[in-house]
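User: I am new to this structure and would like one careful, connected reading of a single part of it, with whatever surroundings are needed to place that part. Please take the close look slowly, and explain the terms where the reading depends on them.

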Amino acid sequence: MSEKVLMKGNEAIAEAALRAGCRHYFGYPITPQTELTAYMAKRLPKLEGGVFLQAESEISAINMVYGVAGTGKRVMTSSSSPGISLKQEGISYIAGADLPAVIVNVQRGGPGLGGIQPSQSDYFQATKGGGHGDYHLIVLTPSSVQEMADLTHLAFDLADKYRCPAMLLADGTMGQMMEPVALPEETNCKVEKPWAVTGTEMKREHNIINSLYLSPEVLEKTNFERFERYAKIEKNEVRYESYMMDDAEYCIVAFGIAARVAKNAISAMRKEGFKVGLIRPITIWPFPKKAIREAADKVKGFVSVELSMGQMIEDVKLAEECLRPVLLCNRAGGMIPSVDQIISVTKELVEGGRK
Amino acid sequence: MTTQILIAGFGGQGILFSGKLLAYKALSEGKELSWLPSYGPEMRGGTASCSVTISDEPVGSPIIDHPDVLIVMNLPSLDRYESTVKKGGMIFVDSTLVSRKVQRDDVKAFYIPSTKLAQDMGAQNLANIVLLGKVLKDCPAISRDYLEEALKKVVSARHPEMYELNLKAIDAGYNYTE
């Protein structure tokens with residue numbers, strides 16, 4: 001690890017991508033992730049083989065990503081919520097063609113053009129599909145500028161390993177804030193890509209990148225095979241942080257900026273004698289179901305803290321199998337739950353448990 | 001110890017720059033920190049604010065609901081944030097631009113005509129740095145240590161002459177007596 005530097009979250013993502021060997025970036029500026037695009041515009045043209053292209057639209061950018069991904073090169077695009085909606089068709093194609101790529105969503109409030117303040121209301125879109133067809137993205141949720149860098153690096157590795165697109169799901173706060181960060185070392189793809197279209201030199205059969213299968217039998221087979229890979233991801237790649245859960249009687253579930261606020265609420269409540277802990281999903285697909293289910297045996301209830309009208313709470317409820325009450329503590333539209341609000345909802349849970 | 005500092009004023013006054021200077025100073029000291037700007041459509045003349053948390057432990061939320069230290073460079077910011085300051089906290093006011101006094105008596109208030117002092121130096125756009133000099137002097141949680149290192153990192157490499165000028169502005173605030 002190198003010496004710590006101060007960086008905005010958006011810049012940390014960009015620098016980490018470059019250090020992961022990403023030399024192709026296609027995007028279109030949108031607040032609150034524009035610093036990422038700007039960083040790439042500044043750096044990529046100076047690097048050997050570096051290509052930065054500001055496309056005419058998000059749809060165009062994601063299809064350029066599709067093209068480069070087919071050649072096996074590490075490639076990235078980034079946007080914020082409305083722009084990510086535009087990219088969904090391309091993301092579905094990339095998933096259907098079994099290609100690795102990294103997509104960054106620095107979320108802002110919605111729906112529609114919404115606002116530009118932070119949000120987590122693209123949880124459903126990121127974890128439950130987004131585009132059409134049966135597919136998943138590996139979805140990583142950073143909670144610090146350090147994780148913006150580390151998880152970007154991991155996203156490239158996982159995308160290559162499982163041949164599927166990976167998404168970094170951040171929010172406006174994470175993108176805009178500065179924190180000290182130790183940047184990851186330079187690496188590159190360690191995985192062989194015999195499927196890549198790199199020119200046959202008349203020495204091998206053609207590789208074909210495609211997501212169109214007119215025979216339903218063949219198409220079904222690709223779906224089953226893809227889901228076997230997803231099963232491996234669910235088995236091997238679940239990541240979460242367990243914070244003060246050893247003796248916890250109440251469990252907050254939160255990711256990203258919400259988890260940061262939750263930690264402050266927990267330390268305040270612990271001072272008052274309430275045993276509150278946190279499970280912070282780092283992957284939201286695959287979701288840390290087992291950790292939540294095991295917590296359900298020990299705690300009296302859960303609070304899902306979200307910057308949305310309540311999306312992750314559905315996964316929490318599925319994971320804890322209705323064993324305990326799950327309350328929602330949320331703000332929406334670009335607002336962020338306060339420490340006081342989290343304490344008040346958690347106390348509601350405590351009171352409810354005593355009745 | 002954790003110190004939460006909120007800096008607020010008009011866009012264009014160098015609110016974010018002041019915050020960056022404090023952030024780089026904390027980094028040089030080996031402390032944990034977070035720096036969070038308000039971001040939005042506001043440009044020069046609009047409102048701007050910046051939240052800086054400096055701590056000996058990893059920083060939890062970067063969002064500051066109740067600052068220990070409030071630094072204000074315009075009246076709307078004092079009106080908006082005065083009531084949010086922690087009991088026993090500190091408020092630093094640019095008294096050239098803010099005519100009224102702090103109304104609370106459970107916080108310590110400091111006044112410095114930083115815009116006027118900066119004008120007298122011939123560097124009106126460094127009022128934010130003059131004000132910061134006063135903070136470094138009177139706020140025990142934020143010392144002057146490592147200021148030079150931090151300043152070298154935030155002053156643009158294209159304008160090295162600004163380094164000396166910024167130091168002068170810090171001193172103007174640091175040595176000012178009410």
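Analyst: The word "domain" needs settling before anything else, and here the bounds of a domain come from an automatic or database domain assignment. The model itself is predicted, and the part to look at closely is the place where the two domains of chain A meet.

On that assignment, chain A is divided into domain 1, covering 5–236, and domain 2, covering 241–354. The C-alpha centres of these two domains of chain A lie 29 Å apart, and the contact between them involves 27 residues of domain 1 and 22 residues of domain 2. On the domain 1 side of chain A, at least two residues are supplied by each of α6 (123–127), β6, β7 (165–171), α8 (172–176) and α9 (216–236), with the largest share, four residues, coming from α6(A). Sorted by class, this side of domain 1 of chain A holds 13 nonpolar, 11 polar and three charged residues.

The strands β6 and β7 of chain A lead from this contact into a sheet. It is an open sheet of seven strands in chain A, with mixed pairing, and its order reads β3-β2-β4-β5-β7-β6-β12. At the edges stand β3 (51–54) and β12 (283–285) of chain A, each of which pairs on one side only, and neighbouring strands of the sheet are turned against each other by 20 degrees on average, direction ignored. Where β6 (residues 138–140) of chain A meets β12(A), the two strands pair in the antiparallel sense over two bridges, and A:Val139 has A:Trp285 in β12(A) as its bridge partner.

A:Trp285 also draws attention to the backbone, because most residues other than glycine have a negative phi, and most peptide bonds are trans. The peptide bond from A:Trp285 to A:Pro286 is cis, with omega near 0 degrees, and A:Pro286 is found in the loop between β12 and α11 (289–298) of chain A. A further cis peptide bond runs from A:Thr31 to A:Pro32, with omega near 5 degrees, where A:Pro32 lies in the loop linking β2 (24–27) and α2 (34–43) of chain A. A:Asp98, although not a glycine, has a positive phi of about 55 degrees, and this residue sits in the loop between α5 (88–96) and β5 (101–107) of chain A.

To place chain A in its surroundings, one can turn to its contact with chain B, which takes 17 residues from chain A and 15 residues from chain B. On the chain B side, the elements that give two or more residues are α1 and β2 (32–37) of chain B, and the largest share, five residues, comes from β2(B). By class, that side of chain B has 10 nonpolar, four polar and one charged residues.

Helix α1 (residues 15–28) of chain B also packs within its own chain, against helix α5 (residues 147–154) of chain B, at an angle of about 125 degrees and with the axes 8 Å apart. That angle makes α1(B) oblique to α5(B), and the crossing of the two helices is right-handed. Among the residues that meet there are B:Phe17, B:Leu21 and B:Tyr24 in α1(B), and B:Leu147, B:Ala150 and B:Val154 in α5(B). By class, this contact of α1(B) with α5(B) has seven nonpolar, one polar and four charged residues.

Conventions:
Residues numbered from 1 in each chain as written. Chains lettered and ligands numbered in written order. Predicted model: local features only at pLDDT ≥ 70, side-chain atom pairs only at ≥ 80, totals over all residues. Axes fitted to C-alpha atoms, helices over the stretch in contact; angles between N-to-C directions. Parallel < 35°, antiparallel > 145°, perpendicular 65-115°, else oblique. Left-handed = near helix turned anticlockwise from the far one by under 90°. Contact = placed C-beta atoms within 7 Å. Nonpolar A, V, L, I, M, F, W, Y, C, P; charged D, E, K, R; others polar. Pairing = 2+ DSSP bridges.
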